[in-house]
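Biologist: I am new to this model and would like a close look at a single part. Please start there and work outward.

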Amino acid sequence: PTRTEAQVFAEHRSTIAAALPGNAQWVDLGCGDAQKSREWLPDVSVCRYIGVDIAEESLAQATLRIAQ
């Protein structure tokens, strides 16, 4: 994430996470290596993660990162 985005997430993550529905699917369009989602998933209640990216290598990295 950009520095500004990272700062907003750090300052407001718990408020944003509390406003999200529980047990939802997390769809990450343009997921890249899933770094942003990995930072969010511990704070939200999701039943499924769906990473979407045009780059096959990025999806492979995302799969490994999310599985950890």
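Biologist: In which helix is leucine 59 found? Which residues is leucine 59 in contact with, leaving aside its neighbours within four places in sequence?

Modeller: First, a caution: this is a predicted model. Leucine 59 is found in helix α3, which covers residues 56-67. Its relative accessible area is 29%. That value lies between the cut-offs of 20% and 50%, so leucine 59 counts as partly exposed.

Now its contacts. With neighbours within four places in sequence set aside, leucine 59 is in contact with Cys31, Gly32, Gly51, Val52 and Asp53. Take glycine 32. Along the chain, leucine 59 and glycine 32 are 27 residues apart. Their C-alpha atoms are separated by 6.7 Å.

Another of those contacts is cysteine 31. Cysteine 31 has a relative accessible area of 8%. That is under 20%, so cysteine 31 is buried. Does it bond to another cysteine, and what is the count of disulfides? The count is zero. The closest cysteine sulfur belongs to cysteine 47, and it is 17 Å away from that of cysteine 31. A disulfide needs the two sulfur atoms within 2.5 Å, so 17 Å is too far for a bond. Cysteine 47 is likewise in no disulfide. Cysteine 47 is partly exposed, at 46% relative accessible area.

Next, alanine 34. Alanine 34 sits in the loop between β1 and α2. Its relative accessibility is 0%, so alanine 34 counts as buried. Not counting residues up to four places away, alanine 34 touches Asp28, Tyr49, Ala62 and Ile66. Arginine 65 belongs in this picture too. Alanine 34 and arginine 65 are 31 residues apart in sequence, yet 6.9 Å apart in space, C-alpha to C-alpha. The backbone of alanine 34 also deserves a look. Its phi is near 70°, a positive value in a residue other than glycine.

Asparagine 23 also has a positive phi, of about 55°, although it is not a glycine. Asparagine 23 is in the loop between α1 and β1. With a relative accessible area of 55%, over the 50% cut-off, asparagine 23 counts as exposed.

Back to the contacts of alanine 34. One of them, Ile66, is also touched by leucine 41. With residues up to four places away left out, leucine 41 touches Trp26, Val46 and Tyr49 as well. Leucine 41 is part of the largest nonpolar core, which has six residues. The others in that core are Phe9, Ala17, Trp26, Trp40 and Val44. In soluble globular proteins, nonpolar side chains tend to be buried together.

Now the rings. The count comes to two aromatic pairs. In one, the rings of phenylalanine 9 and tryptophan 40 have centres 5.1 Å apart and planes at 80°. That angle is over 60°, so the pair is edge-to-face. The pair links distant parts of the chain. Phenylalanine 9 is in helix α1 (residues 3-19), and tryptophan 40 is in helix α2 (residues 35-40). They are 31 residues apart. Phenylalanine 9 is buried at 16% relative accessibility. Tryptophan 40 is buried at 6%.

Tryptophan 26 and tryptophan 40 also form an aromatic pair, and this pair is tilted. The centres are 6.3 Å apart, with 35° between the planes. Tryptophan 26 lies in strand β1 (residues 24-29) and tryptophan 40 in helix α2, so the pair ties together parts that are 14 residues apart in sequence. Both tryptophans are buried. Together, Phe9, Trp26 and Trp40 make one aromatic cluster. A charged residue joins the scene: arginine 13 lies over the face of tryptophan 40, 4.7 Å from the ring centre.

Finally, the whole chain. It has three helices and two strands. Read along the sequence, they follow the pattern α-β-α-β-α. The radius of gyration is 12 Å, close to the 11 Å from the globule rule for 68 residues, so the chain is as compact as a globular protein of that length. Along its principal axes, the C-alpha trace spans about 35 × 30 × 20 Å. Of the 68 residues, 22% count as buried. Among contacts with a separation of 6 or more, 47% come from residues 24 or more positions apart. The contact between leucine 59 and Gly32, at 27 residues apart along the chain, brings us back to your starting point.

Key:
Residues numbered from 1 in each chain as written. Heavy atoms only, no water. Phe/Tyr/Trp six-rings, centres within 6.5 Å; stacked < 30°, edge-to-face > 60°. Helix = DSSP H or I, 4+ residues; strand = E, 2+ residues; numbered from the N terminus. Buried < 20%, exposed > 50% of the residue type's maximum accessible area, 1.4 Å probe, protein only. Lys NZ or Arg CZ within 6 Å of the ring centre and 35° of its normal. Core = buried A, V, L, I, M, F, W, Y, C linked by side-chain atoms within 4.5 Å. Contact = heavy atoms within 4.5 Å. Rg over C-alpha atoms; globule rule 2.2 N^0.38 Å.
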